[in-house]
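Here is a short report on one protein chain. Look at the fold as a whole, then follow it down to a single residue.

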Amino acid sequence: MMLSYAKTYPESCTLLIDTYSTLKSGIKNAIKVAKDYLEPNGYRLKGVRIDSGDMAYLSKKVRKELDAAGLEDCQIVVSNSLDEYVITFTSRVLKLILLV
């Protein structure tokens, strides 16, 4: 699914990584798509999206995985039931994510 999306939108590819397991498969598959398809074709992974779970915890772990893979420029987008309290807390904890 991620590869199909990347092939359709290579210039603006942001992949949802928490469909099953954010850390066990989602981020690993996103990095694989970036390295095996996007980069060889002259593109960069623009972002990954987390839509459930502990946004602060998952964002920190995902950032480490992205950085280790040489994807320091890849954004982390969080979405779902975000209210002003969650946004305030998360933005204080993490300064490297884009809140949507």
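## Contacts and overall fold

Of the contacts in the protein chain with a separation of 6 or more, 63% are between residues 24 or more positions apart. The model is predicted. The chain holds 100 residues, and 37% of them count as buried.

Four helices and four strands make up the elements of the chain. Along the sequence they follow the pattern α-β-α-β-α-β-α-β.

## Confidence

The average pLDDT of the protein chain is 88. A score of at least 70 is reached by 87% of the residues.

The elements vary. Helix α2, residues 22–38, has the highest mean pLDDT, at 97. Strand β4, residues 98–99, has the lowest, at 50. Predicted coordinates should not be read in detail where pLDDT is low.

## Helix α2

How far apart are the end C-alpha atoms of α2? They are only 20 Å apart, although the helix has 17 residues. A straight helix would reach 24 Å at 1.5 Å a residue.

Which residues of α2 are buried? They are Thr22, Gly26, Ile27, Ala30, Ile31, Val33, Ala34, Tyr37 and Leu38. An α-helix has 3.6 residues a turn, so residues three or four places apart point the same way. The buried residues of α2 pack against four elements: α1, β1, β2 (47–50) and α3 (55–68).

## Glutamate 65

Glutamate 65 lies in helix α3. Is this residue buried, partly exposed or exposed? Glutamate 65 is partly exposed, because its relative accessible area is 29%, and the partly exposed range runs between 20% and 50%.

Leave out residues up to four places away in sequence, and glutamate 65 touches Ile27, Lys28 and Ile31. Two of these, Ile27 and Ile31, are among the buried residues of α2. Glutamate 65 and lysine 28 are 37 residues apart along the chain. Their C-alpha atoms are separated by 8.1 Å.

## The largest pocket

The largest pocket holds about 310 Å³ of space. It is lined by 15 residues, and the closest to its centre are Met1, Met2, Leu16, Ile17 and Thr19. Three elements give two or more residues each to the lining: α1 (2–8), β1 (14–16) and α2.

What kinds of residue form the lining of the largest pocket? Eight are nonpolar, six are polar and one is charged.

Notes:
Residues numbered from 1 in each chain as written. Predicted model: local features only at pLDDT ≥ 70, side-chain atom pairs only at ≥ 80, totals over all residues. Heavy atoms only, no water. pLDDT = per-residue confidence, 0-100. 1 Å grid on protein atoms, 1.4 Å probe; cavity = no way out; pocket = protein on both sides within 12 Å on 5 of 7 lines; lining within 4 Å. Points joined across faces, edges and corners; volume = space filled by probe spheres on them. Nonpolar A, V, L, I, M, F, W, Y, C, P; charged D, E, K, R; others polar. Expected span 1.5 Å × (residues − 1). Buried < 20%, exposed > 50% of the residue type's maximum accessible area, 1.4 Å probe, protein only. Contact = heavy atoms within 4.5 Å.
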